[in-house]
Amino acid sequence: MKSFATLLVTGFAFMLAACAHSPVQVAVKPQVTVAPDNLGAGYTVHARGVNQLPGGGLGSLGGIYADSSNVTLANDIETSMVGALYQGLEAWSFRRVETGGDVQVVANLIDLKYDSPNKLYTTKVNSGASIQLQVTVKGATFFGNYSTSGNDRNLIKPSPEEVESTINRLLSATLQRAFEDEKLKAFLRQHL
């Protein structure tokens, strides 16, 4: 009987350990694929990213110790977003400048999450990204809101690489939506 109790206690300890997750830091490096266009030929552009995320974390992996299994950023998200913006804008033939510019682009990151609502174990993850884009040309301003969301189910805890990949995929898809927005292209054609 004593060995059964020991086995039971050991099994319970393993279950608790399996539910515990370590904090995860993710390096965010969004990418966009934009078809070449001469839309911005002869014009300069200045872009910047603004992190408007509340707090500093993106969520939690869940588990019994959900408060210690936070997902946080490992790099400067503003710089990463600007890199992706310039990647797309240069495909449209804009020439980047450090200040001023014929066109000013501001990407406000208002939501980026990777969160397990279940605090006992990680089986479901709610994820999403939202960006508010502001483009100004000669006093006229265009506002666009772009979002991407996902709900993933896992039988086991996702690896840090899987978490990072999911977040990068979401943010990339959200920025991609901006470059596919025909209203944005029409605004630029009208005001350039």
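This note goes through a predicted model, starting from its nonpolar core and moving outward to individual residues.

1. Basis of the note. The model is predicted, so that local features need pLDDT of at least 70 and side-chain atom pairs count only at pLDDT 80 or more, whereas totals for chains, interfaces and linings use all residues. Residues are numbered from 1 along each chain as its sequence is written, and side-chain values use heavy atoms, with hydrogens and water left out.

2. The core. The largest nonpolar core (buried Ala, Val, Leu, Ile, Met, Phe, Trp, Tyr and Cys residues joined through side-chain atoms within 4.5 Å) has 47 residues, and L89, V135 and L188 touch the most other members. Helix α2, residues 77–91, gives the largest share of this core, with eight residues; helices (H or I, at least four residues) and strands (E, at least two) are DSSP runs numbered from the N terminus. Leaving aside residues up to four places away in sequence, L89 is in contact (heavy atoms within 4.5 Å) with V45, A47, F94, V105 and F179.

3. Helix α2. The 15 residues of α2 should span 21 Å at 1.5 Å a residue, and the end C-alpha atoms are 22 Å apart, which agrees; the expected span is 1.5 Å times one less than the number of residues. Buried here means under 20% relative accessible area, exposed means over 50%, and partly exposed lies in between, with a 1.4 Å probe and protein chains only. By that measure I77, S80, M81, V82, A84, L85, Y86, G88, L89 and A91 of α2 are buried, and what covers them includes strands β2, β4, β5, β6 and β7 as well as helix α3. At the start of α2, a side-chain oxygen of D76 comes to within 3.2 Å of the backbone nitrogen of E78.

4. Helix α3. With 20 residues, α3 reaches 29 Å from its first C-alpha to its last, close to the 28 Å expected. Its buried residues include polar ones as listed by name, among them T166, N168 and Q176, alongside L170, L171 and F179.

5. Aromatic pairs. Two aromatic pairs are found in the whole structure; rings of Phe, Tyr and Trp (its six-membered ring) pair if their centres lie within 6.5 Å, and planes under 30 degrees apart count as stacked, over 60 as edge-to-face and the rest as tilted. W92 and F179 form an edge-to-face pair, at 5.2 Å centre to centre and 70° between the planes, which links the loop between α2 and β5 to helix α3 across 87 residues. Both W92 and F179 are buried. F142 and F187 form a tilted pair, at 5.7 Å and 40°, linking strand β8 to helix α4 across 45 residues. F142 counts as buried because its relative accessibility is 11%, and F187 does so at 9%.

6. G49 in strand β2. G49 is found in β2 and is buried, with a relative accessible area of 13%. Not counting residues up to four places away in sequence, G49 touches E78, M81, V82 and A107. G49 and L109, 60 residues apart in sequence, are 7.4 Å apart in space, C-alpha to C-alpha.

7. Positive phi. Most residues other than glycine have a negative phi. S93, just after α2, has a positive phi of about 75° although it is not a glycine, and at 31% relative accessibility S93 counts as partly exposed. K138, in the loop between β7 and β8, has a positive phi of about 45° and is exposed, with a relative accessible area of 64%.

Definitions and conventions
Polar contact = N/O pair within 3.5 Å; in protein donor to acceptor, adjacent residues only side chain to side chain.
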